[in-house]
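Please look through the sequence and the model that follow, and keep both in view while reading the explanation.

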Amino acid sequence: LVKSKGKRSKKFIFIGRYIKEKGIEQLWDNFIELNSKLDDKWELWCIGNGELWNNRTRNKYIKHFGFIQPEALTEIISKSDVFVLPSNYEPWGVSLHEMVSMGKPVLVSENVGSSYCFAHNGINGFVFSYKKENDFKIKMNKMMKLSNEDFDRMGKESVHLSKAFSTDNWVNTLKEIYD
């Protein structure tokens, strides 16, 4: 799903439960603040549901899809540019591996366990820390200002990083351990 060169759609995509631990409220707040300052607006697509669904932020640039069946996700994901996973706590985060496999640049919290494998700052996206004041907003702003060439490069790097963990790699690692 790596997009070919050309004009980006300027869409962030979040896929997850609407719960505090996912950092979705900070995502909405940062997005609205930054987007309000841009002439060329972005969109934020949010997929999922949960306890914060009824209190979701409504804004003309935020689209809430609700729950989507997995087989219908690929088409929606293919129309987005950046995967965002702003979790305050996320032991692993399988979705991050899935998104880099699909060639998405990423914006993720350092609290996502899989970020050390699949998100490298400035390489295939940005990793932010809640411990640093406004770091999430700063990194989101950087992402919004990247050139088309930077997005293309980051998408390719995501695919490259996704291949670090494959069934074949795990089998080979196990063989080395037991040989």
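How much space lies in the largest pocket? In this predicted model, the largest pocket holds about 200 Å³ of space. Its lining is made up of 16 residues, and those that lie nearest the centre of the pocket are Ile15, Gly16, Arg17, Ile47 and Gly48. Helices H2 and H3 are the elements that give two or more residues to this lining. Sorted by class, the residues that line the largest pocket are 8 nonpolar, 5 polar and 3 charged.

The two helices can now be taken in turn, beginning with H2, which spans residues 70-78 and in which Leu73, Ile76 and Ile77 are buried. Because these buried residues cover an arc of only 95° around the axis, they sit on the same side of H2. The exposed residues Glu71 and Glu75 are carried on the face of H2 that is turned away from its buried side. As for what the buried residues of H2 pack against, the partners are strand S1 (11-15), strand S2 (43-47), strand S3 (62-66) and helix H3 (94-101).

Helix H3, in turn, has Ser95, Leu96, Met99 and Val100 as its buried residues. These cover an arc of only 130° around the axis, and therefore they lie on the same side of H3. The cover over the buried residues of H3 includes S1 and H2, together with strand S4 (82-85), strand S5 (106-109), helix H4 (115-118) and helix H6 (148-162). After H3 comes Gly103, a residue whose phi is positive, near 80°.

Methods
Residues numbered from 1 in each chain as written. Predicted model: local features only at pLDDT ≥ 70, side-chain atom pairs only at ≥ 80, totals over all residues. Heavy atoms only, no water. Buried < 20%, exposed > 50% of the residue type's maximum accessible area, 1.4 Å probe, protein only. Helix = DSSP H or I, 4+ residues; strand = E, 2+ residues; numbered from the N terminus. Arc of directions from axis to C-beta. Contact = heavy atoms within 4.5 Å. 1 Å grid on protein atoms, 1.4 Å probe; cavity = no way out; pocket = protein on both sides within 12 Å on 5 of 7 lines; lining within 4 Å. Points joined across faces, edges and corners; volume = space filled by probe spheres on them. Nonpolar A, V, L, I, M, F, W, Y, C, P; charged D, E, K, R; others polar.
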